[in-house]
Amino acid sequence: MTLLLLFNITNGLIVGAFYVLMALGLSLILNLSNVINFAHGGFLVIGGYIAYALTPYVGFWGALLLAPPLTAIIGLAVERVLIRPLYGRDPLYSLLLTFGLAFMIEDGTRFIFGPQGKPVAIPPFLAQPLSNDLFFITGYRLFMVAVVFIAVALLFILLRYSRLGVRIRAGTLDLETVAALGINVRMLRSLNFAVGIFLAGLSGVLAAGQLGLEPTMGTGLLMPSFIAIIVGGIGSLAGTLMGGLLIGVASGVTAVFFPAASEAVIYVLMAVILLTRPRGLFGEEGMMS
Amino acid sequence: MAIQRPWSVDRRTILQSGAAIAAAQFTSPYIIKARGETPIRIGLVDPLTGVYAAIAQSEVVGAKYALEQINNKGGVLGRPIELLIEDSANDVGTGVQKTRKLIERDQVSFIVGDVNSGIAIAMAQVTSEKKVLHIVSGGHTDPITGTGCSWNVFRICNSTTMDSAAIASTLIEKFGKKWYFLTPDYAYGHSVQAGFEKILKASGGSSSGSLVPLGTPDYSSYLIQAKAYNPQVLINVMGGGDQVASLKQFVQFGLDKQMAVGGALFELESIRSVPDNARIGWWTMEWWWDQPGVPHVTEFNAAMKKITGSSATARNWFGFASVQTLALIANQEKTLDAPKLAHALAGFKLPPEVALQPGAPEFRAGDHELMSTVFVGEAHPPQGDPDNMFTVRNPVPGEKAAGPVEATGCKIQWPA
């Protein structure tokens, strides 16, 4: 039983790492622009399908490199045309817009690529488990964790040391003052949105390799990512990181004792956190007020 | 005077928009128009969005093809037929609401659907209450033609008992009696697992399993549980995208080298969605496009290929057979009266051009289940034809797979 528990905790960390990648993109957009991006799962799907379409020409590695920036460009266009007019309004507006957008993306991919899932092959050397005992740690899952680690590290370096990152962080705390200092807030929001969607696109390529590709795949991955943000604390990227890992582990541990509740447990965890510490584990009070 | 901002939206606009969206739910569904002035309407409710979208769309394609054939031959009772298609969105409440709308507002004469067993059961309650003839095209759970059977409800696809009974002995003989179930946590999954467990227990086997919520994105924790149990066979009862994701992970974890995999269904739509290395295991097919020597199968397959570009699937046939059955029985009885048609359908044998399989399957009078052949076989990567990814090893007659009517628990109460 102890070994099983250890396996599930490790597995939970791997699953959680993936949620982190999704949740960080969501969190970036929410923190700076107050946009609750329900279309984030849709952008994940776009990333996956772009990779699927590119793979015959550029191979898996080429698709992995090209699909996320292409998804980010689409995200930029969406931000410019649809989201930008809603900045400064009640977050409900952008929530409704992105909620509808999610359906449009799902139906759009279904229309273009068909309702049937698409088989996505990964490089054979990544498709092997490490060993007979550690069968759940495959080369691809390790690679996925490494990509998440690198992406998170680069994001934190970007936010910590680059001019853009400093402005994003400052804007998260007080956008009006940032604007008063002469910084182009529109451009800042657009770039921030693009970075968030880049992470969604990257998540899409990685998820397609592991789980397959179909128009609805974003829906199931979106809610855990939202919960990761709430558990970790809105406004805190470190909190989002911890939240993602925590819900992955909680889900894995529950699967040992009561598999049917392994999905429900993350909602229970969120409810407990909201009741005992409404700002989340690392969140600052009043971030969403 | 208040300053009007360029992007301002007032409360009234939101309320009006909300009301418009709500009203849109009750607008006319997509209608496939046919010739003639007073068409007979068939309502089709299926999950066109969600995890079962691919197989639901396949049923729609088959149903539309049947509609075209019927109208080309003069329609039903000399009138053309129309197909009103509604999306249940894989949600019981929506499915029930759409069924009520089709019956009460659109005045359909017949209802077909749903792929999702839970929705099909709920729809059957509505059609029974409204006394509308209802063909369950693709919802498999036993109670539909078992404990919850009704005089007006007939089913084209197999019951879960039929599918599990057809393949269980093969899995036991080939691989052993220690099984682990990966089961979707809703009516269909529970029903299939119960069917398998009954047979396994009778043969002295043992089992364990995980109930998995629909739409679960990651199956690793369940597969860790499965491996810990060390079964001889993993019975994968998941469907649609869930089955695709779980099988992909099963193979990536190398579990295919440690245990066999199989189950009730691995539909062609799902086989197409996984990479070659995950096209494995022993399963049942409820209809198969490659049946040498069986009349009309080649023509149907060619027609589906012309429409979809791929070989016909069981779901294409479910949709086709559902609409054809309704037209055949109405033309035979020369009425649209539901009780009369239901009486006539009990024991009705499908003609070869609709049955598209060996023999002449009939709707069993005792439970209204179509005694369709169950094709037991093995999945594999394409051999020749790109859709040749399943080899039928043992076609099991429907009557044999279904067992006696008494065992289903169905007691049909006819209206006075």
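1. Contact between the chains. In this predicted model, chain A and chain B meet through 34 residues of chain A and 36 residues of chain B. On the chain A side, three helices each supply at least two residues: α1 (2–33), α8 (217–232) and α9 (237–257). The largest share of that side comes from α1(A), with five residues. By class, the residues of chain A that touch chain B comprise 17 nonpolar, 13 polar and four charged.

2. Helix α8 of chain A. This helix, named above as a contributor to the side of chain A that touches chain B, also merits attention for its geometry. Its 16 residues, at 1.5 Å a residue, should span 22 Å, and the end C-alpha atoms are 24 Å apart, which agrees with that expectation. Of the 16 residues of α8(A), 15 are buried, so the helix is largely enclosed by the rest of the structure. Just after α8(A) comes A:Gly233, whose phi is positive, at about 115°.

3. Packing of α5 against α7 in chain A. Helix α5 (residues 163–173) and helix α7 (residues 185–211) of chain A pack with their axes 10 Å apart and at an angle of about 100°. The angle falls in the range 65 to 115 degrees, which means that α5(A) is roughly perpendicular to α7(A). From α5(A), the contact draws on A:Leu164, A:Arg167, A:Ile168 and A:Gly171, while α7(A) provides A:Val185, A:Leu188, A:Leu191 and A:Asn192. Taken by class, the residues of this contact are five nonpolar, two polar and one charged.

4. Domains of chain B. Chain B is divided into domain 1, made of 26–158 together with 292–372, and domain 2, covering 161–285. The centres of these domains of chain B, taken over C-alpha atoms, are separated by 28 Å. Between them, 15 residues of domain 1 of chain B are in contact with 17 residues of domain 2 of chain B. The helices α2 (53–72), α4 (117–130) and α11 (314–333) of chain B each give at least two residues to the domain 1 side of this contact. That side of domain 1 of chain B has six nonpolar, seven polar and two charged residues.

5. Backbone points in chain B. Most residues other than glycine have a negative phi, and most peptide bonds are trans. Against that background, a reviewer may wish to look at three places in chain B.

6. The cis peptide bond. B:Gly113 and B:Asp114 are joined by a cis peptide bond, with omega about 15°. B:Asp114 belongs to the loop between β4 (110–112) and α4 of chain B. The helix that follows this loop, α4, also supplies at least two residues to the side of domain 1 of chain B that touches domain 2 of chain B.

7. B:Asn90. This residue is not a glycine, yet its phi is positive, at about 60°. B:Asn90 sits in the loop between β3 (81–87) and α3 (92–104) of chain B. Around B:Asn90 there are 25 other C-beta atoms within 10 Å, so the residue is buried, the cut-off being 20 or more.

8. B:His368. Here too a residue that is not a glycine takes a positive phi, of about 70°. B:His368 is placed in the loop between α13 (352–355) and β12 (374–379) of chain B. B:His368 counts as buried because it has 26 C-beta neighbours inside 10 Å.

Terms used: Residues are numbered from 1 along each chain as its sequence is written. Chains are lettered from A and ligands numbered from 1 in the order in which they are written. This is a predicted model: local features need pLDDT of at least 70, side-chain atom pairs count only at pLDDT 80 or more; totals for chains, interfaces and linings use all residues. Two residues are in contact if their C-beta atoms, placed from the backbone, lie within 7 Å. Helices (H or I, at least four residues) and strands (E, at least two) are DSSP runs, numbered from the N terminus. Ala, Val, Leu, Ile, Met, Phe, Trp, Tyr, Cys and Pro count as nonpolar, Asp, Glu, Lys and Arg as charged, and the others, Gly among them, as polar. The expected span of a helix is 1.5 Å times one less than its number of residues. A residue is buried if 20 or more other C-beta atoms lie within 10 Å of its own, exposed if 12 or fewer, and partly exposed in between; C-beta atoms are placed from the backbone. Axes are lines fitted to C-alpha atoms, for helices over the stretch in contact, and angles run from 0 to 180 degrees between N-to-C directions. Angles under 35 degrees count as roughly parallel, over 145 as roughly antiparallel, 65 to 115 as roughly perpendicular and the rest as oblique. Domain bounds come from an automatic or database domain assignment.
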